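Subject: Handing over the structure

Hi there,

Here is the structure I promised to pass on to you. Have a look at it first, and then read on for my notes on what turned up.

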Amino acid sequence: MSQMPRSTALSRCPSCEEPLESGDLYCGACGYDLSVVPAPPSDPPTLTMNGTVPRPSSQAPPVDWPAAPPTGGPQAPAPVHLPTDLPGTDPGGAEPPGTPAGRGVRFDRPAEPDDYHLASPEHSAPPPLSASPERGDPHERGAPPPQPVDPRTTVPSTPPAGTKVCVACRAGTVDSDGYCENCGHAQPRERDHLEQELGAVAAVSDRGLRHHRNEDAFAVSSTALPDGSPAVVAIVCDGVSSATRPDDASLAAARAASEALLDALPRGTHPQQAMHDAIIAASHAVNSLAAEPETAQEHAPHQNAPACTLVGAVVTASLLVVGWVGDSRAYWVPVDRAAPPARLTEDDSWAAQMVAAGLMSEAEAYADERAHAITGWLGADAYELDPHTASFKPDRPGVVVVCTDGLWNYAEAAEEMAEVVPLDAGLRPLHAARVLLGHALDGGGHDNVTVAVLPFPALPQGAGSA
């Protein structure tokens, strides 16, 4: 989740983001002990800032890349040359160099129980007090009033149809604010954890362990090219937390980009051109949020217009295309782990520009507190829209990992990401996405986490995962 740096004052609960008042010792929403201030996260937040620094041109010998057909319009995408280890071709003629070796650990979270034992009805509540003519009303004699029923030991009655029941006490109904009317427990939001699998592609999105909502979004889909061959699409977006309605911005961008690709690819548009046009469509969708009344209602003086980053991939039987704006990334991980993996995107960030300009080493730039300040995003207040696209022709099967910085902060180098990706990711993309999510959560889960896994080459439509 992209965001601006926070003040050190405890104006909000470190656990659930509930606003605090001066002198509070415990959070009124979740009960967090405010006397224990958690250490700041190890991964710096992503920031927004204007300004660009030109990237140096590649000095590698040219190779033969597939070129997108000319469109003749001013919006035609410029060729992008990327530093990758992926054998193949690029439209501009740059051969990708290597990336430093890293490390990675694979973890799976243990399953949690879905239900809890409830006491039998005869033990659900104490018998009611009754008055007798001889002894009088017990309340008039100073007897204690009946104790409230413990919802944990009460067998709840069947709620009316359409009523949402609390996930904590299983007895109370949930009000319009998302809290249980019986026990006061905040209910999980619909986007706190999402999963989707379409056989040839799968994606998972999770709120993480530190943020109060999920501001990431994704869209996965598949279609057919004019010759009948398959094309698989994945779009991943990360809302900018310092902006208004970041969750709505990421969702609007993901949907608009996916719809644009599903419209263009079956008509024969070259996948690289289609990706460029899809990013433009996503930008328009996010820009339109700035004019909506809801944005004006939620806007605060320190906030900007709705904004997000975007990264997407299109996989066909022979071609791999990526596109992006911001610091969400795409990685290539071959099935043969003896072959080198590669990062397919370059961040629109302060650190990346310092390194590209030769002003700082990579280690120095990413150690700076400004490292994750993004210099490119989708939104009405963006300095300029500069969609990046690139196409590749891998010479072996593998998987494409498309993710937000909530994952790659814990596996930044291509080698680190390859260590975490399961060996059977091409056969079980949903399982692989879950493993990658678990790696980020076990690493600290400081941010929202969203990841999509696409096997290459694209599987025929209808082919499921093992």
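Let me begin with a hairpin. Strands E2 and E3 form it with four residues between them, and in this hairpin Gly-199 takes a positive phi near 80°. Please keep in mind throughout that this is a predicted model.

The two strands of that hairpin, E2 (residues 193–197) and E3, run antiparallel to each other and pair over five bridges. If you want a spot to find your bearings, look for Glu-195, which stands opposite Val-204 in E3. E3 also has a partner in strand E14 (residues 449–456): they too pair in the antiparallel sense, over five bridges. There, Asp-206 stands opposite Val-449 in E14.

How buried is E3 (residues 202–206)? Five of its five residues are buried, so the strand is largely enclosed by the rest of the structure. In a regular strand, side chains alternate between the two faces of the sheet. For E3 both faces are covered: on one side Ala-202, Val-204 and Asp-206 are buried, and on the other Ala-203 and Ser-205 are buried too.

E14 comes up again when you look for aromatic pairs. A search of the whole structure finds one. The rings of Trp-332 and Phe-456 have their centres 5.9 Å apart, and because their planes lie at 75°, where over 60 degrees counts as edge-to-face, the pair is edge-to-face. The pair links distant parts of the chain, with Trp-332 in strand E8 (residues 329–334) and Phe-456 in strand E14, 124 residues apart. Both partners are buried: Trp-332 has a relative accessibility of 1%, and Phe-456 has a relative accessible area of 6%.

Phe-456 has something else to show you. A cis peptide bond joins Phe-456 to Pro-457, with omega about 0°, and Pro-457 sits in the segment after E14. Most residues other than glycine have a negative phi, and most peptide bonds are trans.

Arg-245 departs from the usual backbone pattern as well: this residue has a positive phi of about 50° although it is not a glycine. You will find Arg-245 in the loop between strand E5 (230–239) and helix H1 (246–264). Is Arg-245 buried or exposed? With a relative accessible area of 5%, Arg-245 is buried, because buried means under 20%.

Arg-245 also brings us to the charged residues. Side chains of opposite charge can pair when their charged atoms come close. The whole structure holds 13 salt bridges. In one of them, the side chains of Arg-245 and Glu-292 meet at 3.0 Å, N to O. Arg-245 lies in the loop between E5 and H1, and Glu-292 in the loop between helix H2 (271–289) and helix H3 (293–298), so the pair ties together parts that are 47 residues apart in sequence. Glu-292 is partly exposed, at a relative accessible area of 30%. These two residues belong to a network of salt bridges that links Arg-245, Asp-248, Glu-292 and Glu-294.

Two further salt bridges are worth a look. Glu-215 forms one with Arg-213, with the closest N and O atoms 2.8 Å apart. Here Glu-215 is buried at 3%, whereas Arg-213 counts as partly exposed at 24%. Arg-428 forms another with Asp-424, the closest N and O atoms being 2.9 Å apart. In this pair Arg-428 is partly exposed at 32%, and Asp-424 is partly exposed at 25%.

Finally, here are two buried residues with polar contacts. Ser-221 is in strand E4 (residues 216–224) and counts as buried at 8% relative accessibility. Its side chain makes a polar contact of 3.4 Å with the side chain of Ser-258. Beyond its sequence neighbours up to four places away, Ser-221 touches several residues, including Leu-198, Val-201 and Leu-262.

Thr-404 lies in the loop between strand E13 (398–403) and helix H6 (405–408). Thr-404 is buried, with a relative accessible area of 0%. A polar contact of 3.2 Å joins its side chain to that of Asp-216. Leaving aside neighbours within four places in sequence, the contacts of Thr-404 include Val-449, the residue in E14 that stands opposite Asp-206.

Enjoy exploring, and write back whenever you like.

Best wishes

Key
Residues are numbered from 1 along each chain as its sequence is written. This is a predicted model: local features need pLDDT of at least 70, side-chain atom pairs count only at pLDDT 80 or more; totals for chains, interfaces and linings use all residues. Side-chain values use heavy atoms; hydrogens and water are left out. Buried means under 20% relative accessible area, exposed over 50%, partly exposed in between (1.4 Å probe, protein chains only). A polar contact is a pair of N or O atoms within 3.5 Å; within protein, one must be able to donate a hydrogen and the other to accept it, and residues adjacent in sequence count only if both atoms are side-chain atoms. Contact means heavy atoms within 4.5 Å. Two strands pair if DSSP finds at least two bridges between them. Rings of Phe, Tyr and Trp (its six-membered ring) pair if their centres lie within 6.5 Å; planes under 30 degrees apart count as stacked, over 60 as edge-to-face and the rest as tilted. A salt bridge is a side-chain nitrogen of Lys or Arg within 4 Å of a carboxyl oxygen of Asp or Glu.
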